[in-house]
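Please work through the exercises below with the sequence and the coordinates at hand. Each task is followed by a worked solution.

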Amino acid sequence: MRKKRRLTRWLVSMTERPTDPVFTDLRPGLTRLAYRMLGSVADAEDIVQEAYLRWLGVNPTDIREPAAFLRTIVTRLCLNLLKSARRQRETYIGPWLPEPVFEPDETRIDDNITLPLMIALERLSPLERAAFLLHDVFGMGFDEIAPVIDRETATCRKLASRARQNIHTARPRFSVPKDQGMKIASAFFTASRTGDLQALRDLLADDVAAYADGGGRVPATPVPLTGISAVMQRHMEMAEGFAQSPSRLVRFAMIDGLPGFITIEAGNILQTTALQIERGRITALYVTRNPDKLGHLAHHRTLQ
């Protein structure tokens, strides 16, 4: 995949039109669709570049609806890639989390898909995922979706309905204002890194769960932790390590729609931590440490 990605980008650089306002305007939405389909920033970018190569092969004046044309290409490329991606994830070491998307302060991703929902999307079949995203997130009618995924309109409606039922529990029951979420993220960072276990306990819900994705590349808790006792025990074990090798805070940020922070940990490991918060308590921790998933964030190491 990496070799293919390099080749694709080289071809684009060799053939790119000086200006292509149509594709330029559509690119952010296409990238967002590909990322929601795949859970991978790098693969999403590769898919959109491939779609661009195909766009270069047509006469734009012959395309009545460029957005629909390109959305169809991106969706079909994603469906093809998902077949192999699902096989790879069956052998993935430890919990799998989507590549984290860092949301700068001046940006707001408005499709209301947070990290827990991204994880829930993984449980869907590729066609269910496509039908749900295209209809519920990107606002396409089922008659428009049918030719995209090569299914009847009624089938598309059933696929989206089945997807909705399967991911219902992943939708946030209680939204938290961004300011409050970031205050809790700050309090969690301070309590967890200073070893203030009482303050940490006060921030956690009794049924809190913790997921750490190292992908077998860097140390990470190999199985999800469930319940406040298990999560507190793990933080007690990590307290000495934090004391000896303090985390370096890069910045607080919204990560896949959740409040959290980016840090550099012992061994110069870049890490993101995202917090799911309900009723003022942290109900889930999502820690991504796999360097293969953080390359697109590497330039944030020096931000203060």
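The exercises that follow concern a predicted model.

**Exercise 1. Overall composition**

Task: Determine how many helices and strands the protein chain has, and what percentage of its residues count as buried.

Solution.
Step 1. The secondary structure of the protein chain consists of 11 helices and 7 strands.
Step 2. Burial is assessed over 304 residues, of which 48% count as buried.
Step 3. Contacts between residues at least 6 apart in sequence can then be considered; in 67% of them, the partners are at least 24 apart.

**Exercise 2. The packing of H6 and H8**

Task: Classify the crossing of helix H6 and helix H8, and describe the residues in contact.

Solution.
Step 1. Helix H6 covers residues 126–137 and helix H8 covers residues 153–167; their axes come within 8 Å and cross at roughly 95°.
Step 2. Angles of 65 to 115 degrees count as roughly perpendicular, so H6 is roughly perpendicular to H8.
Step 3. On the H6 side, the contact is made by Leu127, Glu128, Ala131, Phe132, His135 and Asp136. On the H8 side, the residues include Cys156, Leu159, Ala160 and Ile167.
Step 4. Sorted by class, the contact comprises 8 nonpolar, 2 polar and 4 charged residues.

**Exercise 3. Arginine 129**

Task: Decide whether arginine 129 is buried or exposed, and list its contacts beyond four places in sequence.

Solution.
Step 1. Arginine 129 belongs to helix H6.
Step 2. The relative accessible area of arginine 129 is 2%. Buried means under 20%, and arginine 129 is therefore buried.
Step 3. With residues up to four places away in sequence left out, arginine 129 touches Arg36, Met37, Leu38, Gly39, Leu82, Met118, Leu121, Glu122 and Leu124.

**Exercise 4. Cysteines**

Task: Establish how many disulfides are counted, and describe the accessibility of cysteine 78 and cysteine 156.

Solution.
Step 1. A disulfide is a covalent bond between the sulfur atoms of two cysteines.
Step 2. With a cut-off of 2.5 Å between cysteine sulfur atoms, the count is 0 disulfides.
Step 3. Cysteine 78 has a relative accessible area of 0% and is buried. Cysteine 156 is likewise buried, at 0% relative accessibility.

**Exercise 5. Aromatic pairs**

Task: State how many aromatic pairs the structure holds, and characterise the one formed by tyrosine 211 and tyrosine 286.

Solution.
Step 1. There are 7 aromatic pairs in the structure.
Step 2. In the pair of tyrosine 211 and tyrosine 286, the ring centres are 5.3 Å apart and the planes differ by 5°. Planes under 30 degrees apart count as stacked, so this pair is stacked.
Step 3. Tyrosine 211 lies in strand S2 (residues 204–213) and tyrosine 286 in strand S7 (residues 281–288); the pair links distant parts of the chain, 75 residues apart.
Step 4. Tyrosine 211 is partly exposed at 26% relative accessibility, whereas tyrosine 286 is buried at 6%.
Step 5. Elsewhere, ring pairs link Phe188, Phe189, Phe252 and Phe261 into a cluster.

**Exercise 6. Threonine 283**

Task: Locate threonine 283 and identify the residues that it touches.

Solution.
Step 1. Threonine 283 is placed in strand S7, and its relative accessibility of 15% makes it buried.
Step 2. Leucine 204 is 79 residues from threonine 283 along the chain, yet their C-alpha atoms are separated by 6.5 Å.
Step 3. Leaving aside residues up to four places away in sequence, threonine 283 touches Ala205, Asp207, Val208, Ala209, Gln276, Ile277 and Glu278.

Key
Residues are numbered from 1 along each chain as its sequence is written. This is a predicted model: local features need pLDDT of at least 70, side-chain atom pairs count only at pLDDT 80 or more; totals for chains, interfaces and linings use all residues. Side-chain values use heavy atoms; hydrogens and water are left out. Axes are lines fitted to C-alpha atoms, for helices over the stretch in contact, and angles run from 0 to 180 degrees between N-to-C directions. Helices (H or I, at least four residues) and strands (E, at least two) are DSSP runs, numbered from the N terminus. Angles under 35 degrees count as roughly parallel, over 145 as roughly antiparallel, 65 to 115 as roughly perpendicular and the rest as oblique. Contact means heavy atoms within 4.5 Å. Ala, Val, Leu, Ile, Met, Phe, Trp, Tyr, Cys and Pro count as nonpolar, Asp, Glu, Lys and Arg as charged, and the others, Gly among them, as polar. Buried means under 20% relative accessible area, exposed over 50%, partly exposed in between (1.4 Å probe, protein chains only). Rings of Phe, Tyr and Trp (its six-membered ring) pair if their centres lie within 6.5 Å; planes under 30 degrees apart count as stacked, over 60 as edge-to-face and the rest as tilted.
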